Amino acid sequence: MYGGEEPGVARRAADALLELLAPSVCLACGGLGGGRLGLCPVCRGALKRLRPPLCRGCARPVDPRLVSPRGRCRSCRGRRSPLAAVVAVWSYEPPLDAVVHALKYRRLEALGAELAREIAHLASLPAVDWVAPVPLHWLRRLIRGYDQAEAIAAPLAGWLGLPWRRALVRRRATPPLARLGLDRARRMARLRGAFRPRRRVPIAGRSVLLVDDVLTTGATLAAAAAALRRAGAARVVGLAAGRTPEPAGAAPPVRLLHPGGDGTRFF
């Protein structure tokens, strides 16, 4: 398990002085007092953290009365996945959506480091060899000026005391899948062959923490993880800052099936 050290007294004093001299605006409510994550204390307190038990395959909340050793929900139990586990920290809803939107579309790259610091202190992560981001296509990165997943992954590696690598290349640009409203199967079809391992990066035999900003169906993480596994990665764990909640009116948290020979495999 990993965890970072708290910022020193000098760092906290400098942050307080900067806030006093030039008060910032909260990304979520627009009021004065935006601080860590660009949120005021009230909005920061409204962040909805995902708490166990969560499905290891998709990070969805599960019924605590029926938790199996394999830890996968009904939807994930029979699905072969290149991901050994998936971890998400918060539910992707207000005010987290304002933070991620500002990171991706308002050029506030420093929010990646803020998210990384929070993730390092809150997430329960298994041991891995190094950290890798889910990459943007080169054209989209050129337009944006940076890769938002990399903006999280690089400082997160520092907090965890691990190296990080640009292990993957996105071979083709795909439209923002969240806007298309596609289910997992259709997303997977669009992402087939979208990633390839980067040359001269020693992936074989490594355990990799694969980082993205938001998890919806898990198709992007799975497609990227599959490319790492084909290159010989021993184990890939997916991590996202936020996990999209179930739609309003959806079924209650899914139950994990009782332990048994259901054929589920971890890779």
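In the predicted model, Leu 209 touches Leu 125, Val 128, Trp 130, Val 131, Ala 132, Leu 156, Leu 160, Val 237 and Leu 239, leaving aside residues up to four places away in sequence. Leu 209 also ranks, with Ile 119 and Leu 156, among the residues with the most contacts inside the largest nonpolar core. That core has 40 residues. At least two of them come from each of S1, H4, H5, helix H7 (148-160), S5 and S6. A second core is separate and holds 29 residues. Val 134, Ala 194, Val 208 and Leu 210 are included in this second core. In soluble globular proteins, nonpolar side chains tend to be buried together.

The strands were examined next. Four of them form an open sheet, ordered S1-S6-S5-S2, with parallel pairing. Strand S1 (85-91) and strand S2 (130-133) are the edges, and each pairs on one side only. From one strand to the next, the twist averages 25 degrees. Six bridges join S1 to strand S6 (residues 235-243), in the parallel sense. Within this pair, Ala 85 stands opposite Val 237 of S6. Val 237 is also one of the residues that Leu 209 touches.

Two helices were then placed against the sheet. Helix H4 (residues 96-105) lies across S1, strand S5 (207-215) and S6. The direction of H4 is at about 105 degrees to S5. Helix H5 (residues 111-122) packs on the sheet and touches S1 and S6. The directions of H5 and S1 make about 115 degrees. Both H4 and H5 supply at least two residues to the 40-residue core.

Methods: Residues numbered from 1 in each chain as written. Predicted model: local features only at pLDDT ≥ 70, side-chain atom pairs only at ≥ 80, totals over all residues. Heavy atoms only, no water. Pairing = 2+ DSSP bridges. Helix = DSSP H or I, 4+ residues; strand = E, 2+ residues; numbered from the N terminus. Axes fitted to C-alpha atoms, helices over the stretch in contact; angles between N-to-C directions. Contact = heavy atoms within 4.5 Å. Core = buried A, V, L, I, M, F, W, Y, C linked by side-chain atoms within 4.5 Å. Buried < 20%, exposed > 50% of the residue type's maximum accessible area, 1.4 Å probe, protein only.
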